[in-house]
Amino acid sequence: DADQDGVCDGFEVVGCTTPSACNFLSNATENDGSCTFADAGYDCDGNCLLDLDNDGECDLNQTVGCLDTAACNFDVTATNAGYCDFADAGYDCAGVCLNDEDQDGVCDEFEVGGCTDNTACNFSNAATDDDGSCSYADAGYDCAGNCLVDSDDDGTCDQDEVSGCQNAMACNYDANATDAGYCDFADSGYDCAGACLNDEDNDGVCDEFEIAGCTDNTACNFSNAATDDDGSCSYADAGYDCAGNCLVDSDGDGTCDQDEVTGCQDAMACNYDSSATDAGYCDYADSGYDCAGVCLNDADNDGVCDADEVYGCDDSEAINFQPLSTESTDNCLYPEDFEPDCMFDTTGDGYVGTADLLDFLGNLGSTCP
C-alpha cells in the first residue's frame with residue numbers, strides 16, 4: 001500500500017475523486033489529476049444555473065445600468081435598464097455651460113447685463129455680465145457729490161485743502177493755499193533766493209557787509225575777515241617763508257632743499273660735479289684704466305692692458321696650445337720635437353700622433369727631452 005490509504009496497490013482505481021467535478025468517478029480510489037469543472041454560473045452541460053428574467057443571459061453575466069445614450073451615465077456594457085442621469089438645461093454633464101462666450105461661468109442664456117463693480121454708484125447685485133455702464137463718484141466725494149470729509153466746514157473737502165503761506169510778502173507765499181501755514185521771509189539785505197539786494201562786485205557779499213583787505217590765504221598779509229580784496233596782498237619768495245627763512249633745509253647747510261644740487265664732490269671721480277651742494281654717487285675708473293675705459297699702460301697697443309696680458313703658445317697645432325693667450329711666446333712644442341722611442345700608439349688607431357703623445361705624457365710620464 002504505497003500511499004498508505006488503506007487500499008492495496010493491486011485494487012486501486014485511478015480517476016477523478018472530487019465530487020464537484022464534472023467527471024467525478026465514485027469508485028475511484030486514486031486521484032489522477034484529471035478532474036474538470038463547469039464554468040461559474042453554468043452546469044456541466046453549459047446550461048445557466050440562474051436566469052430569473054428568462055432572457056437567455058445568465059444572471060451572473062447581467063449588468064444593470066443606464067441604456068439611454070443621451071444620459072450622462074449611459075453604460076454601453078449594461079444589459080438590464082437602470083437609473084439614468086441627465087444634465088441640467090444649458091449645461092453639459094460636467095456642469096459646464098454649453099454656451100458661455102465670456103467664460104465667466106454663467107451661461108449666455110442666463111446672463112444679466114449691468115454694472116458688476118460694487119464700488120460704483122450704479123452697482124447692480126443682480127448683474128452677472130458687466131456692460132460697461134458703471135459710474136463712479138469723484139475722489140473724496142460720495143455719489144451725490146457731497147464731500148466725504150470737510151473737517152473745518154469751509155466748503156473745501158479735506159483732500160482738496162492746500163496748507164500754505166497766505167502772506168503775499170513771504171518767500172513761500174502760495175496763492176492756492178486754503179488753510180494758513182508757515183511763512184518764510186528773506187533775511188535783511190537779501191532776496192528770497194539768498195542773493196544780495198545790493199552786490200556791486202557780484203562776490204556774494206552784500207555791499208553793506210563788505211570788509212576790505214587781502215583775501216588770498218597764500219599771501220603773507222592775508223586777512224581772514226576780508227571779503228573785498230583791495231590789492232594789498234604781498235607774498236614770500238618761492239621756497240621761503242614770509243620772514244625770509246628756508247621752508248625746508250633738511251641738512252641745515254644754509255641752502256634750501258629746492259636749491260640743493262646732489263652730485264659727486266670728489267675731484268678724482270669720473271663724474272665730479274663742481275656745482276654739487278650735497279654729496280652724491282661717485283664713479284671711478286677701473287684699476288689700470290682711465291674714465292673712458294682705455295688702458296693706462298698698453299705697450300703693444302693690442303687693447304689688453306700690460307698687467308692683464310696672458311703669455312703662452314697661440315698655435316692650435318702645438319701640443320701646449322694656450323687658448324687664453326693674449327701674447328704669443330716662442331715655446332710651442334710639436335710631436336716631431338720628441339724622440340721616436342717616446343712615441344707609442346696608445347690610442348690604438350694605427351699610427352702615432354699628437355693624441356698618443358699627450359696620452360703618454362699625461363698618464364705614463366716621460367724621460368724624453
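Mentor: A residue is called buried under 20% relative accessible area, exposed over 50%, and partly exposed in between, with a 1.4 Å probe and protein chains only. The structure above is a predicted model, in which local features need pLDDT of at least 70 and side-chain atom pairs count only at pLDDT 80 or more, while totals for chains, interfaces and linings use all residues. Residues are numbered from 1 along each chain as its sequence is written, and side-chain values use heavy atoms, with hydrogens and water left out.

Trainee: Why does cysteine 192 count as exposed?

Mentor: Cysteine 192 has a relative accessibility of 51%, and because this is over 50%, the residue counts as exposed.

Trainee: What makes cysteine 171 buried, partly exposed or exposed?

Mentor: The relative accessible area of cysteine 171 is 29%, which lies between the two cut-offs, so cysteine 171 is partly exposed.

Trainee: How do you know that cysteine 171 and cysteine 192 form a disulfide?

Mentor: Their sulfur atoms are 1.9 Å apart, and a disulfide is a pair of cysteine sulfur atoms within 2.5 Å, so the pair qualifies. The torsion about their S-S bond is about -85°, so this disulfide is left-handed. It links distant parts of the chain, with cysteine 171 in the loop between strand 7 (163-164) and strand 8 (179-180), and cysteine 192 in the loop between strand 8 and strand 9 (212-213), 21 residues apart. Strands are DSSP runs (E, at least two residues), numbered from the N terminus.

Trainee: Why is the disulfide of cysteine 16 and cysteine 35 called right-handed or left-handed?

Mentor: The torsion about the S-S bond of cysteine 16 and cysteine 35 is about 105°, so the disulfide is right-handed. These two cysteines sit 19 residues apart, cysteine 16 in the loop between strand 1 (14-15) and strand 2, and cysteine 35 in the loop between strand 2 and strand 3. Both cysteine 16 and cysteine 35 are buried.

Trainee: What makes cysteine 196 and cysteine 206 a disulfide?

Mentor: The sulfur atoms of cysteine 196 and cysteine 206 are 2.1 Å apart, which is within 2.5 Å, so they meet the definition. With a torsion of about -100°, this disulfide is left-handed, and both of its cysteines are buried.

Trainee: How many disulfides does a search of the whole structure find?

Mentor: The search finds 19 disulfides.

Trainee: Why is aspartate 129 called partly exposed?

Mentor: Aspartate 129, found in strand 6 (residues 129-130), has 31% relative accessibility, and because this value lies between 20% and 50%, the residue counts as partly exposed.

Notes
Helices (H or I, at least four residues) and strands (E, at least two) are DSSP runs, numbered from the N terminus.
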